[in-house]
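Subject: A structure for you to explore

Hello,

I am passing a structure on to you, and I hope you enjoy looking around in it. Please open it first, and then read my notes with it on your screen.

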Amino acid sequence: MKKLVILGGGYGGMKILSELLPNNLPEDVTITLVDRVPYHCLKTEYYALAAGTISDKEIRVSFPEHARLEVVFGEVIGIDREEKNVLLKDAQPISYDDLVIGLGCEDKYHGVPGADQYTYSIQSIGKSRETYSVLNNLPPGSVVGIVGAGLSGVELASELSESRDDLQIKLFDRGKHILSAFPDRLSKYVENWFVKHNVEIINNSNITKVEENTLYNHDKSITCDVIVWTAGIQANKVIREMEGEKDSSGRMVLTPQHFLPNDEHVFVLGDCASLPHAPSAQLAEGQAEQIVEVLKKRWNGEELPDSFPPIKLKGVLGSLGKKHGFAMLADRPLTGRVARLLKSGVLWMYKFHNG
């Protein structure tokens with residue numbers, strides 16, 4: 001029996017499972033999925049969990065069941081490529097014939113002193129739960145600082161402003177205006193929404209240090225009751241510590257077939273992979289489809305494809321609370337209720353097909 005091991009039950013890992021199960025897995029292949037929690041988590045909705053506007057159960061999807069799928073709950077601490085073993089914390093190693101590493105990302109603190117110690121996170125379901133507990137136990141009038149005004153920071157700030165309109169929310173952004181990668185029309189719409197909902201945007205910020213209940217913007221201290229970090233991500237520590245060429249975010253550089261240049265049996269997926277686009281659920285799913293094609297050809301003894309067509313992304317959807325949103329679809333900006341309905345619809349369809 002050939003053994004495929006998938007590390008991480010995120011969007012990419014789930015896509016591989018859905019492509020192979022129940023009817024497309026060869027009879028001589030088994031799958032072992034390793035994850036820290038016993039279900040797939042909808043990471044795109046962690047901001048709402050942290051803000052307290054949805055329950056934990058709403059962002060959990062069960063892993064599929066199959067006679068030749070084993071799900072192992074554990075924490076991956078390393079890869080022994082010579083022995084073809086996955087090393088787990090406080091557990092026996094797991095052997096593999098083919099390995100897919102999709103362990104996701106971690107916060108990137110850009111060398112800011114104290115940021116890793118004194119800020120909260122929404123990068124994992126466990127950390128999002130912790131952030132929820134802290135935010136929703138704050139007394140009225142408390143100050144919440146959110147560092148980073150990308151998609152995650154914007155969605156968290158907007159959701160929290162609806163969940164706790166008694167809080168003072170400060171959103172720190174390095175640019176001249178938030179969501180600088182989007183057209184001006186869209187950025188201004190989001191900024192105006194924040195003005196109407198009493199969220200303070202602090203542009204051209206430069207967080208130089210973080211202490212307990214205090215962050216320093218251009219070395220000027222600002223007191224906050226809670227500070228949440230959404231100012232960048234990097235590849236999982238396991239990938240960062242692996243030998244091989246990596247990009248500036250610690251993501252592994254791969255062949256066109258998505259495996260390591262010096263090891264065709266180790267694939268890297270999603271946030272851990274160096275790809276032309278920014279990490280996203282769509283990108284991870286598109287890459288997963290191509291990895292499955294490579295695996296099928298290998299299992300069948302067929303020649304592997306030299307390359308794949310570029311992964312096509314449908315766009316970006318963002319929420320501003322429960323009634324408004326923004327989107328970029330086919331390079332066209334969309335704002336308002338329709339954008340929010342589209343995001344809700346995409347989430348519903350995903351849960352319907354995977355639940």
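Below is what I found, going from the cores to the helices, the rings and a small sheet. Please keep in mind that this is a predicted model.

**The cores**

A good place to start is the largest nonpolar core, which has 66 residues. Leu 4, Ile 16, Ile 31, Val 190 and Phe 194 are the residues with the most contacts inside this core. There is also a second, separate core of 24 residues, and Val 72, Ile 79, Leu 260 and Ala 273 are among its members. If you click on Phe 194 and leave aside residues up to four places away in sequence, you will see that Phe 194 touches Val 154, Ala 157, Ser 158, Leu 171, Ile 178, Val 199, Ile 201 and Leu 320.

**Helix α8 and its surroundings**

Next, find helix α8, which covers residues 281-299. Its 19 residues reach 27 Å from the first C-alpha to the last, close to the 27 Å expected at 1.5 Å a residue. The buried residues of α8 include Leu 283, Gln 287, Ile 291, Leu 295 and Trp 299. A general point helps here: an α-helix has 3.6 residues a turn, so residues three or four places apart point the same way. What lies over the buried residues of α8? The cover includes strands β1, β2, β9, β19 and β20, together with helix α1. After α8 comes Gly 301, which has a positive phi, near 75°.

Just before this helix, Pro 279 sits in the loop between β20 and α8. Pro 279 has a relative accessible area of 27%, so this residue counts as partly exposed. Beyond its neighbours within four places in sequence, Pro 279 is in contact with Ile 233, Arg 251 and Asp 271.

**A buried lysine**

Is Lys 343 buried or exposed? Its relative accessibility is 9%, and because buried means under 20%, Lys 343 counts as buried. You will find Lys 343 in helix α9, residues 337-354. Among the residues that Lys 343 touches are Thr 44, Glu 45, Tyr 47 and Glu 155.

**Rings**

The whole structure holds 6 aromatic pairs. One to look at is Phe 259 with Phe 267: the ring centres are 5.7 Å apart and the planes stand at 80°, so the pair is edge-to-face. Phe 259 is buried at 9% relative accessibility, and Phe 267 is buried too, at 0%.

Two rings have a charged side chain over them. Arg 60 lies over the face of Tyr 39, 4.8 Å from the ring centre. The charged end of Lys 209 sits over the ring of Tyr 216, at 4.6 Å from its centre.

**A small sheet**

Finally, look for an open sheet of 3 strands, in the order β6-β7-β8, with antiparallel pairing. The edge strands are β6 (76-80) and β8 (94-95), each of which pairs on one side only. β6 is joined to β7 by 4 bridges, and Gly 78 has Leu 87 as its bridge partner in β7. β7 (residues 85-88) pairs with β8 over 2 bridges, where Val 86 stands opposite Ile 94. β6 and β7 also form a hairpin with 4 residues between them, and Lys 84 in the turn has a positive phi of about 55°.

Happy exploring!

Key. Residues are numbered from 1 along each chain as its sequence is written. This is a predicted model: local features need pLDDT of at least 70, side-chain atom pairs count only at pLDDT 80 or more; totals for chains, interfaces and linings use all residues. Side-chain values use heavy atoms; hydrogens and water are left out. Buried means under 20% relative accessible area, exposed over 50%, partly exposed in between (1.4 Å probe, protein chains only). Contact means heavy atoms within 4.5 Å. A nonpolar core is a set of buried Ala, Val, Leu, Ile, Met, Phe, Trp, Tyr and Cys residues joined through side-chain atoms within 4.5 Å. The expected span of a helix is 1.5 Å times one less than its number of residues. Rings of Phe, Tyr and Trp (its six-membered ring) pair if their centres lie within 6.5 Å; planes under 30 degrees apart count as stacked, over 60 as edge-to-face and the rest as tilted. A charge sits over a ring if NZ of Lys or CZ of Arg is within 6 Å of the ring centre and within 35 degrees of the ring normal. Two strands pair if DSSP finds at least two bridges between them.
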